[in-house]
Amino acid sequence: MAGSNNLKITPPRWLLAELTYACPLQCPYCSNPVDYSNYPSELSTEDWKRVLSEARKMGAVQLGFSGGEPLTRKDLAELVRHARGLGYYSNLITSGYGMTEEKIVELKEAGLDHIQVSIQASTQELNDHIAGTASFEHKKKVAHLVKKHGYPMVLCVVIHRENIHQMPEILAMAEELGADYLELANTQYYGWAHMNRDLLMPTKEQFEQAEAIAQAFKEKVAGKMKIYYVVPDYYENRPKACMNGWGTTFLTIAPDGMALPCHEARVLPGLDCPNVRDSSIERIWNESKAFNFFRGDDWMKEPCRSCDEKHKDHGGCRCQAYLLSGDMYAADPVCSKSPDHHLIDEAIASARNSALTADEKPLIFRNSKNSRQLA
Amino acid sequence: MTINPDQPLKFSPLHRLQWEEAQQKFVILYPEGMVELNLSSAEILKLCDGAHNLGQIVSELEQKFAASGLTNDITAFLDIALKNGWIQQP
Ligand code: SF4
Ligand code: SF4
């Protein structure tokens, strides 16, 4: 095991409950595993209730119900009610697809605190293309209903090369819909997004222009709307402090009950991620191999090991290091000190080339057929 | 945006103030985020109940903690709270 043994383990604060991989949409940047069709089994209502209770007892307080599309679970309101009774702050992370006014009211009565609605673009045509499903008008209606019923609302828009030119219209849409928070999430290139990277990554110029527009807007709406801006790390020279440090804050439970230190961690070899069907959250968090694997910094190699910034970014994202360099102990290639940093430059050049030559390669949409083929 | 001393202060309906047993702290919860509070900040926010204005909060806390001269500290904190959207004025 790579993790250090005499490390003080902090309790989880954030529980991400991925209730299901089922989703009526097909976003080509979806953060679910590419081979999600291999994991069709879902935890029962009773299992989820036990998971919520055990994690809450350890100190988790923020709870995200996500997926896939969590609205496809029939027991959502029951789980929300259970979570409220335990004192969680419950966030529903939804595409809005399948939401009705009755459901919004029912969830509110059950104790749901917040709804995050994602929209793919500012126009119907592009939204429906990216989502792979006609959903634009419905999503806007859902956003209005969320506000009508007194929830705080985060509007989430994933940004990539197909919609980045719509930045001004996206901002106007957020205002019109009455969003309290706007999450501008530059695509993170894992899984589906990694496969589609040549087609999704904006050029540096596009990104800088969009960022300047978003920045000006942020000042304009200060006090009314908050902006959560997820940076595109390929254009940075230091990696993100992934998960705030491995096994320090975040606990993700996948639909099949697998407990993950990060929702991408399933891809890492030899982690033997535990399953909540077999052990308690407390044992998983404190004792499992997976959650101790990258705790602390004993596992690091150079250049991270002797780097004076290692407490800031913990060497970056383990999944990104593995995905790009094939070595999960390596520095995140986003870091300019990484010997693999050229991989980032090459990825940027390749995407740029694809943008300038009007690449004819099609986007690979996230659906069961593609998942089965790629698994 | 600064505090109007004549108007009552109210905790935002889009946030939640809650005691966290595991952390032994009051926290403010909001979409995908949390702020940990020290005891005095929590005491101030608990009085933002829609019935107290600035002066009333100050005198109540000065009485409770048998202290005086708290006006500046409390006003400074309430200004931050207002800017962050944790409290509201009509
Ligand atoms: S990113 Fe799109 S396809 Fe993936 S779960 Fe969310 S809405 Fe569904
Ligand atoms: S060398 Fe490693 S620890 Fe240092 S800044 Fe780069 S990724 Fe972070």
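**Chains A and B: interface, cysteines and selected residues**

Tutor: A:Cys273 is buried, with a relative accessible area of 15%. Keep in mind that this is a predicted model.

Student: Happy to start there! Which cysteine sulfur is closest to the sulfur of A:Cys273?

Tutor: The distance to that closest cysteine sulfur is 9.2 Å, which is too far for a bond. A disulfide needs two cysteine sulfur atoms within 2.5 Å. The partner you are asking about is A:Cys319.

Student: How many disulfides does a search of the whole structure find?

Tutor: A disulfide is a covalent bond between the sulfur atoms of two cysteines. For A:Cys273, the closest cysteine sulfur is too far for such a bond. The search runs over all chains, and its count is zero.

Student: Is A:Cys304 buried or exposed?

Tutor: Buried means under 20% relative accessible area. A:Cys304 has 10% relative accessibility, so the residue counts as buried.

Student: Let's turn to the interface. How many residues of chain A are in contact with chain B?

Tutor: Good place to go next. Chain B brings 15 residues to these contacts. Together the two chains bury about 1,500 Å², with 52% of that on carbon and sulfur atoms. On the chain A side, the number of residues in contact is 26.

Student: Which three residues supply 43% of the area that chain B buries against chain A?

Tutor: The total that the two chains bury between them is about 1,500 Å². Of the share belonging to chain B, no other three residues supply more than this trio. They are B:Arg16, B:Pro31 and B:Glu32.

Student: Which residue of chain B meets A:Arg56 in a salt bridge?

Tutor: Across the interface, the rule finds two salt bridges. In the one with A:Arg56, the side chains come to 2.8 Å, N to O. The partner is B:Glu20.

Student: Which element gives the most residues to the side of chain B that touches chain A?

Tutor: The rule also finds eleven residue pairs in polar contact across this interface. Elements giving two or more residues to the chain B side are β2 (16–20), β3 (25–30) and β4 (33–37) of chain B. With three residues, the element that gives the most is β2(B).

Student: How many residues on that side of chain B are nonpolar?

Tutor: The residues of chain B that touch chain A include five polar and three charged ones. The nonpolar group numbers seven.

Student: B:His15 caught my eye. Which residue of chain A does B:His15 touch?

Tutor: B:His15 lies in the loop between β1 (10–11) and β2 of chain B, and is buried at a relative accessible area of 12%. Its side chain makes a polar contact with the side chain of B:Ser12 at 2.9 Å, and a polar atom of that His15 side chain lies 3.4 Å from the backbone oxygen of B:Gly85. Beyond residues up to four places away in sequence, B:His15 touches residues including B:Ile28, B:Tyr30 and B:Trp86, and from chain A, A:Tyr181.

Student: Which backbone oxygen lies 3.1 Å from a polar atom of the side chain of A:Ser354?

Tutor: A:Ser354 is found in helix α14 of chain A. At 4% relative accessibility, A:Ser354 counts as buried. The backbone oxygen in question belongs to A:Asp198.

Student: Last one: how far apart in space are A:Asp340 and A:Ala330?

Tutor: A:Asp340 sits in the loop between α13 (318–325) and α14 (342–356) of chain A. Setting aside neighbours within four places in sequence, A:Asp340 is in contact with A:Ser325, A:Ala330 and A:Pro333. A:Asp340 and A:Ala330 are ten residues apart in sequence, and their C-alpha to C-alpha distance is 8.7 Å.

Terms used: Residues are numbered from 1 along each chain as its sequence is written. Chains are lettered from A and ligands numbered from 1 in the order in which they are written. This is a predicted model: local features need pLDDT of at least 70, side-chain atom pairs count only at pLDDT 80 or more; totals for chains, interfaces and linings use all residues. Side-chain values use heavy atoms; hydrogens and water are left out. Contact means heavy atoms within 4.5 Å. Buried area is the accessible area (1.4 Å probe) that two parts lose on being put together, summed over both. A salt bridge is a side-chain nitrogen of Lys or Arg within 4 Å of a carboxyl oxygen of Asp or Glu. A polar contact is a pair of N or O atoms within 3.5 Å; within protein, one must be able to donate a hydrogen and the other to accept it, and residues adjacent in sequence count only if both atoms are side-chain atoms. Helices (H or I, at least four residues) and strands (E, at least two) are DSSP runs, numbered from the N terminus. Ala, Val, Leu, Ile, Met, Phe, Trp, Tyr, Cys and Pro count as nonpolar, Asp, Glu, Lys and Arg as charged, and the others, Gly among them, as polar. Buried means under 20% relative accessible area, exposed over 50%, partly exposed in between (1.4 Å probe, protein chains only).
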